[in-house]
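Trainee: I should like to learn how a single strand is read within its chain. Could we begin with the chain as a whole?

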Amino acid sequence: MQASAQAGAASSDRAGGRFAGRESLADATAADLAAALGQDRGRGTASPRVDRLQALRYLGYTDQAMDPDLERRFAQQAQEVESRLQASYCWQLFPLELALRYGLPLTLVGEGALELPGSQIARHLRGAVAVVLAAATLGFDCERRLTQLSATSPADQLLYSTCSSSAVESGLDAARARIDALLEPAGFHTGPPFAPGYGDLPIAVQPRFLEVLGAQRSIGLSVTAGGVLVPVKSVTACLGVFPCSVRPPDERKEALPCDNCTNRNSCKLRAKGLTCYGNGSNS
């Protein structure tokens, strides 16, 4: 533990003058990070962007040729998603409970506690001084369009749905970019997202996650008793806040995304040496 404290102190000095001289970056919690975030409202909107390759992977396509008519319809639905929808996002920053940082479960402190049980989320947030809870949604306009297409063209509904699944991720990307722009001048940045239901972080935390985040009030996002987000084309995530001198564990490649996935043994993409998060093999 003494070595960990010394390492934390060294990281604190490197993170910027405002934190120099403190025992560790654990001391730079609520007040310092809140000052870095200033008066930002913790919510915003973004024009969604469809990652075409990602959406095609959702459809099961890899490198094979597409039927010209299907390719045309796919391009049409992707363009409609980008031109007609808007991604809304919200986020809040919470200090980690210091006494439990290296144990289980992790606990966020602030306006009501939220436990994050599971060994993989603990590993994912190792070294973080705080956690950002974030959510993004394409809203009920997307829901209505999916309902319309289900009655007129199930094929187009499938294409629209996969394009929307990709597009909502860009809302989360926009939130993370906004947070990083605020934190980096103070010597901090966010790590990659980790969502409820991913790895051994249970989907059962979702209702409390949204309650603590205030997602229904901010962007109209709720969850059913079965854990389904409403609107459906929505995402949530935990983002660790790290000093800029520290690379998050996943970015040090200590854990591949597939290793954290509960579908790793039945994934059709993985069987082909592909992933759902990028081209190429798992390595």
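Mentor: Certainly. The chain contains 10 helices and 9 strands, and the model is a predicted one.

Trainee: What percentage of the 283 residues in the chain is buried?

Mentor: Buried residues account for 47% of the 283. The chain exposes about 13800 Å², of which carbon and sulfur atoms supply 51%. As for contacts with a separation of 6 or more, 71% come from residues 24 or more positions apart.

Trainee: How many of the residues of strand 9 are buried?

Mentor: Strand 9 spans residues 234-243, and 10 of its 10 residues are buried, taking under 20% relative accessible area as the cut-off.

Trainee: Which residues of strand 9 point one way, and which the other way?

Mentor: The general idea comes first. In a regular strand, side chains alternate between the two faces of the sheet. In the present case, S234, T236, C238, G240 and F242 point one way from strand 9. V235, A237, L239, V241 and P243 point the other way, and the residues of both sets are all buried.

Trainee: How many bridges join strand 5 to strand 9?

Mentor: Strand 5, residues 130-137, is joined to strand 9 by 8 bridges, and the two run antiparallel. Within this pairing, T137 has S234 of strand 9 as its bridge partner.

Trainee: In which sense do strand 6 and strand 9 pair?

Mentor: Strand 6, residues 188-190, pairs with strand 9 in the antiparallel sense, over 3 bridges. Here T190 stands opposite V241 of strand 9.

Terms used:
Residues numbered from 1 in each chain as written. Predicted model: local features only at pLDDT ≥ 70, side-chain atom pairs only at ≥ 80, totals over all residues. Heavy atoms only, no water. Buried < 20%, exposed > 50% of the residue type's maximum accessible area, 1.4 Å probe, protein only. Helix = DSSP H or I, 4+ residues; strand = E, 2+ residues; numbered from the N terminus. Pairing = 2+ DSSP bridges. Contact = heavy atoms within 4.5 Å. Areas by Shrake-Rupley, 256 points an atom, 1.4 Å probe, with all protein chains shown as cover.
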